[in-house]
Amino acid sequence: MIPAIDFVAPTSHASLPPRSALRFARRPAAASGGEKVLTQDGRELLLRAIDPNDVAAMQRCFTRLSPEEIRRRFLHAMSELPAPMAQQLCRIDPSRETAFVLMDESFHPAEMRGVGRIYVDDTTDTAEFSVLVEHAWSRIGLGALLMQRLVDDCRRRGLYELWGYVLQENRPMLQLCKELGFTQRAIPDEPGTMLITLKL
Ligand SMILES: CC(C)(COP(=O)(O)OP(=O)(O)OC[C@H]1O[C@@H](n2cnc3c(N)ncnc32)[C@H](O)[C@@H]1OP(=O)(O)O)[C@@H](O)C(=O)NCCC(=O)NCCS
């Protein structure tokens with residue numbers, strides 16, 4: 001039996017709603033060092049740190065995205081994810097970046113179903129986030145789970161703020177951020193784009 005794991009927010013910080021804890025059972029994945037995530041509809045994913053060997057899985061994931069999902073994630077249209085860019089996204093500098101992936105190991109090779117990442121700006125003690133969940137895996141709490149992990153990581157790093165740009169038409173992401181306690185405001189110089197922030 002998989003024990004449900006309670007989400008415990010650090011007491012010295014504003015707590016995030018424990019919403020994803022209600023939707024998943026999670027347990028350590030012994031071999032990989034990641035964490036198994038069992039969704040309420042019985043599907044299993046591995047949540048782990050991104051790895052340089054994830055390039056091909058990331059490129060396959062990109063081909064399953066709609067033009068709208070690509071624009072919402074990268075804030076502009078892209079017809080393909082070039083190998084050098086995929087390599088750059090998978091080979092992170094841990095001192096300035098964190099990236100978690102959700103891997104579907106029911107396929108061989110495993111398929112990437114979600115990615116959440118931050119880039120740290122040392123000069124401001126803040127980090128910029130981005131997150132993506134493949135459509136077939138959406139609306140089951142995975143976006144919230146990835147965001148919660150990024151917030152936890154930012155707090156572990158002692159950062160002051162987590163922020164990101166989100167298109168104004170991206171209702172799902174704006175709603176998700178609202179539920180997680182982020183504030184949002186329009187950017188005068190960038191019509192159609194919102195600045196989303198969470199004080200840590
Ligand atoms: C935005 C995105 C990450 C959400 O991922 P997700 O796994 O579906 O999100 P969750 O299941 O955790 O949803 C959490 C909450 O967000 C809101 N939400 C998510 N999708 C929504 C939608 N399509 N419509 C309205 N609200 C939505 C809801 O409040 C939801 O809670 P609920 O299901 O209890 O109503 C995903 O749709 C995505 O990858 N979009 C493309 C890339 C992108 O927009 N990235 C953000 C910019 S970096």
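This note walks through the predicted model shown above, point by point.

1. **Before you start.** The model is predicted, so local features are reported only at pLDDT of at least 70 and side-chain atom pairs only at pLDDT 80 or more, while totals for chains, interfaces and linings use all residues. Residues are numbered from 1 along each chain as its sequence is written, and side-chain values use heavy atoms, with hydrogens and water left out.

2. **The overall layout.** The protein has five helices and nine strands. Here helices (H or I, at least four residues) and strands (E, at least two) are DSSP runs, numbered from the N terminus. Following the sequence, you will meet the pattern β-β-β-α-α-α-β-β-β-α-β-α-β-β.

3. **Burial and surface.** Of the 200 residues in the protein, 50% are buried. Buried means under 20% relative accessible area, exposed over 50%, and partly exposed in between (1.4 Å probe, protein chains only). The exposed area of the protein is about 10,600 Å², and carbon and sulfur atoms supply 54% of it. These accessible areas come from the Shrake-Rupley method with a 1.4 Å probe, and for residues only the protein chains shown count as cover.

4. **Contacts along the sequence.** Contact means heavy atoms within 4.5 Å. Taking the contacts between residues at least 6 apart in sequence, 58% join residues at least 24 apart.

5. **Strand S6.** This strand is a good place to begin looking. S6 covers residues 126-133, and seven of its eight residues are buried, so the strand is largely enclosed by the rest of the structure.

6. **S6 and its partner S5.** Strand S5 (residues 111-121) runs antiparallel to S6, and eight bridges join the two. Two strands pair if DSSP finds at least two bridges between them. One bridge partnership links Asp121 to Thr126 in S6. The hairpin that S5 and S6 form has four residues between the strands.

7. **S6 and its partner S7.** S6 is also joined to strand S7 (residues 161-167), this time by three bridges and in a parallel arrangement. Ala127 has Leu162 in S7 as its bridge partner. From S6 the chain crosses through helix H4 (residues 142-156) to S7, making a right-handed β-α-β crossover. Right-handed means that, with the strands pointing away from the viewer, the path from the first strand over the helix to the second runs clockwise.

8. **Backbone details to check.** The peptide bond joining His108 and Pro109 is cis, with omega about 0 degrees; Pro109 is in the loop between strand S4 (97-104) and S5. Asp125 is not a glycine, yet its phi is positive at about 55 degrees. Asp125 sits in the loop between S5 and S6 and is partly exposed, at a relative accessible area of 39%. Arg139, likewise a residue other than glycine, has a positive phi near 65 degrees. Arg139 belongs to the loop between S6 and H4 and is exposed, with a relative accessible area of 79%.

9. **Glu134 and Met112.** Glu134 is in the loop between S6 and H4, and with 6% relative accessibility it counts as buried. Setting aside neighbours within four places in sequence, Glu134 is in contact with Cys61, Arg64, Met112 and Arg113. Met112 lies in strand S5 and is buried, at 0% relative accessibility. Again leaving aside neighbours within four places in sequence, the contacts of Met112 include Asp54, Ala57, Val101, Leu102 and Glu134. Met112 and Val133 are 21 residues apart along the chain, and their C-alpha atoms are separated by 9.1 Å.

10. **The ligand.** Which residues around the ligand come nearest? Of the 22 around it, they are Val133, Gly141, Gly143, Asn170 and Glu179. A residue counts as near a molecule or strand if one of its heavy atoms lies within 4 Å of it. Some polar contacts (pairs of N or O atoms within 3.5 Å; within protein, one must be able to donate a hydrogen and the other to accept it, and residues adjacent in sequence count only if both atoms are side-chain atoms) are worth a look. A backbone N or O atom of Val131 is 2.8 Å from a nitrogen atom of the ligand. A polar backbone atom of Val133 lies 2.7 Å from an oxygen atom of the ligand, and for Gly143 a polar backbone atom lies 2.8 Å from a ligand oxygen atom. On its own the ligand has 920 Å² of accessible area, and the protein covers 83% of it.
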